[in-house]
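Biologist: Hey, could you walk me through this structure? I'm new to this, so plain words please.

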Amino acid sequence: MFTWANFFSQVFNGLALGALLALISSGLTIIYGTLGVLNLAHGAMFMMGGYAGYVAYDATGSFIVAVIAGSLFLLVVGVVLERVVIRHFYQRPHEDQLLVTFGLSIVLIEMVRLIFSSLSKSVPAPPLLSGITSLGITFYPTYRIAVVGIVAVALLVLYFVLFRTRLGMIVRAGIEDSAMVDSLGINVDRVFMVVFGIGAMAAGFAGIVNAPIVSLTPDVGEAILVQTFVVVVIGGVGSFPGAVLGGLIAGEIISITSMINPAYAYIMLFAAMTLVLVLRPYGLLGVRGRE
Amino acid sequence: MVANRRTFLRQTLAMGAGMGGISAGGLGAFGLLSPAWAKDEPPLGTWPAGSQGNSVGIGVAVPRTGTYAVQGEDELKGWQLAVEHMNSGNDLMKKISPKTSKGVLGKEVKLYVADSAAKPNQAVQAQQGFITQDKVVLMTGSTSSAVAVALNKLAQREKVLYVTGISGSNDTTGKDCVRYGFRQNFFGQTAAAAIAPVLVKQFGKNKKVAYMTPDYTYGHTVTKAVQDATKADGWTTVTNQVSPLGAPDFSSYLLNIANSGADLLINVNWGHDAVLSIQQAKQFGVLDKMKLVVPYQVPFLARETGGLMQGVYAATDYWWTIEDKYPLAKMFNAEFEKKYGYKPEWGAANAYVSFAHWARMVEQAGTFYPPAVIKTYEKGETIPSLVGDVHYRPEDHQCIRPVIIVKGKMQKDMKNKEDYYDVIEIVPGAGLMQKPDAFGCKLGDYT
């Protein structure tokens, strides 16, 4: 159903949706780009961030505390998982990495289900950001508008860490030649642990920021994981800016297609991914040879 | 997901364990009835292998993960309670199936349970396993009519009986009906026929309606049924937002609805999709602009949406406060609450009654031989249920039973924390049904 008002609201909605997808995808792509591990437990980590935030919110009533708790909890979970499980898989074939992270995701999801059941849990948006705002052309939930800003800041911080700090330099060097970095006396092992932790934290942060938009269930990450992979493939596997671009493209595709034919909104996403894979297998901003 | 998760939980629910031999009340009384079938008929499906021992198995494929996990878990509770009652000869079970005292035909009933995640392929795979390995004599499962339709076909092919769990599509006992499948609960057609007059009376004629429809057999048939039932009163569809099962976000659909100029939002989404789409409709201000209607009510929806169902009309299969009118409902509520600590919702009630009806039919047939059991259902006799007397229609195996119209209670009117709905009307089933052949049902063969 086409009207200009609806068109502009959908374009804006695509931006908001895309921002969120970009944030979720960034953690996935950072881990893959650095460690070469395709982390299928990323959706589960996203979900756990939401639940950790929910618990913190329930205890304190503060959304800020919930965001901090959700992020930090996942940082810890990420580091522990990396030390106990993931690091043994860096040298193993990709299939093994997929299997172990897939297995981890089932364990994490069912643990949460055991504790919280499948009944959905809600985290309300902070009072300042709740309600609806008029954008002139349309009304839009205030919190979703705020999320665009929150995500922009978070992505800038991540960008700064990866591209403007010593840690980021080591990380990027580690991607190119970890043996050389190792021989320069830098503890690559520890850097990798930190990177996995940061990736998990990004997922957790996205999980709790997303919580007021959706209602939490143990399966909340599973649905989003598929989209996240689409985003990463479109943007370029392992490319941080690619995740941002891919997220925005995906958001716009879903929104604008839904206006023309809602039944095709999610299907078009996969059509776009297929197109990218055919024309540019390493993704829009990916580097040839690293796909 | 990349790979198919196969949570394969097998539970054996054997309450009255160790029922050595066959009790006097069991085969003794009914053995007389069975020879006509037992002697002349060659083996069929899991018969007689599945019922030669001291126990019989029922295969359950129900969503315990994914969008319909909450409702699936609830159905499972209903089946577990029913099996417990069959094996112990509980009074409520006896009210529906008088001859059931220690198991069905004297055989202890066991439940084999697998997670279907509401996916047809996963459900079929699990049930195939139960048929081959455990020789189950009955299958059940679904939420998701896509699963119900797939299991219907499996039942007909394998010649093993199937009673649906929650399934709202017209197709389940319509174009995809089978000789081996039976449905107890209400469905698109009866829901729409029951709720339409109430809606028109409440909101008036000539309304513009926005629909939200999940993109599979349940969604399409329910939406169409409501459209058809309200057409005569001038209700028109301004937009129909079709979305995939388990959509992670409904914002783009809701924007289309917000900009559609509709007076009403009829939301056919189910399970967590219903919860999420209603919560997001609130976030987008849609619920302030238009009235929400839920034509096929979702167990736990009022609880999960935190007040958003207040004042909302819905059609349902069972709501616990009808216990004032129906003594068996009162008994069921009490038994369910004693075991699980809360009031039952309609998924559990449907599960319980489906099993109780099956037990009754088997006892009456005096054999597990499937064609004999089917023919007993097809007699169309009036039998008790939690919502009064009902019967199964021989032409399409649909139970003719009332539909209950409810309206979400305001917080201030709730007498206790589970008092979410007012029962507005209990509409008798017979007048709601389509003609038996209207949806293209051809049942297929007995053998």
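Biologist: Let's start with H6(B): is it mostly covered or mostly open?

Modeller: Mostly covered: eleven of the 14 residues in H6(B) are buried. Keep in mind that this is a predicted model.

Biologist: Okay, which residues of H6(B) are the buried ones?

Modeller: Among them are B:Ala146, B:Val147, B:Ala148, B:Val149 and B:Leu151. B:Asn152 and B:Glu158 are on the list of buried residues too.

Biologist: And what covers the buried residues of H6(B)?

Modeller: The cover includes two helices, H5 (120–134) and H8 (217–231) of chain B. Strands S3 (138–141), S4 (161–164) and S5 (181–182) of chain B are also part of it.

Biologist: Does the length work out? What should H6(B) span?

Modeller: With 14 residues at 1.5 Å a residue, H6(B) should span 20 Å. The end C-alpha atoms of H6(B) are 19 Å apart, which agrees.

Biologist: What follows H6(B)?

Modeller: B:Lys159 does, and its phi is positive, near 60 degrees.

Biologist: Let's hop over to chain A. How many residues of H2(A) are buried?

Modeller: 15 of the 19 residues in H2(A) are buried, so that helix is mostly covered. H2(A) covers residues 42–60, and the expected span is 27 Å at 1.5 Å a residue. Its end C-alpha atoms are 27 Å apart, which agrees. After H2(A) comes A:Gly61, with a positive phi near 75 degrees.

Biologist: Cool. Now sheets: in what order do the seven strands of chain B sit?

Modeller: The order is S7-S6-S8-S9-S10-S14-S15 in chain B, and the sheet is open with mixed pairing. At the edges are S7 (236–243) and S15 (421–427) of chain B, each pairing on one side only. On average, neighbouring strands of this sheet are turned by 20 degrees against each other, direction ignored.

Biologist: Which helix packs on that sheet?

Modeller: That's H7 of chain B, residues 188–203. H7 touches S8, S9, S10 (313–316), S14 (403–408) and S15 of chain B. The direction of H7 makes about 160 degrees with that of S10(B).

Biologist: Can we zoom in on one pair? How many bridges join S8 and S9 of chain B?

Modeller: Three bridges join them, and the two strands run parallel. As one spot to look at, B:Ile266 stands opposite B:Val293 in S9(B).

Biologist: What holds paired strands together in general?

Modeller: Strands of a sheet pair through backbone hydrogen bonds, either parallel or antiparallel.

Biologist: There's a three-strand sheet in chain B too. Is its pairing parallel or antiparallel?

Modeller: Antiparallel, in the order S11-S12-S13, and this sheet is open as well. S11 (383–385) and S13 (399–400) of chain B are the edge strands. S12 (388–392) and S13(B) pair over two bridges, and B:Tyr392 has B:Cys399 as its bridge partner in S13(B).

Biologist: What about the loop between S12 and S13 of chain B: which residue is worth a look there?

Modeller: Try B:His397, which is found in that loop. Phi of B:His397 is near 65 degrees, a positive value in a residue other than glycine.

Biologist: Why does B:His397 count as buried?

Modeller: B:His397 has 24 other C-beta atoms within 10 Å, and a residue is called buried at 20 or more.

Biologist: Anything odd in the loop between H2 and S1 of chain B? Which residue should I find there?

Modeller: Look for B:Pro48 in that loop. A cis peptide bond joins B:Trp47 and B:Pro48, with omega about 5 degrees.

Biologist: Switching again: what are the domains of chain B?

Modeller: Domain 1 is 24–186 + 325–400 and domain 2 is 189–316 + 403–432, according to the domain assignment. Their centres, taken over C-alpha atoms, are separated by 29 Å. Where they touch, 22 residues of domain 1 are in contact with 24 residues of domain 2.

Biologist: Last one: how many residues from each chain take part in the contact between chains A and B?

Modeller: There are 37 residues from chain B and 36 residues from chain A. On the chain B side, H9(B) gives the most, with six residues. That side divides into 16 nonpolar, 16 polar and five charged residues.

Terms used: Residues numbered from 1 in each chain as written. Chains lettered and ligands numbered in written order. Predicted model: local features only at pLDDT ≥ 70, side-chain atom pairs only at ≥ 80, totals over all residues. Pairing = 2+ DSSP bridges. Helix = DSSP H or I, 4+ residues; strand = E, 2+ residues; numbered from the N terminus. Axes fitted to C-alpha atoms, helices over the stretch in contact; angles between N-to-C directions. Contact = placed C-beta atoms within 7 Å. Nonpolar A, V, L, I, M, F, W, Y, C, P; charged D, E, K, R; others polar. Domains from an automatic or database assignment. Expected span 1.5 Å × (residues − 1). Buried ≥ 20, exposed ≤ 12 C-beta atoms within 10 Å, placed from the backbone.
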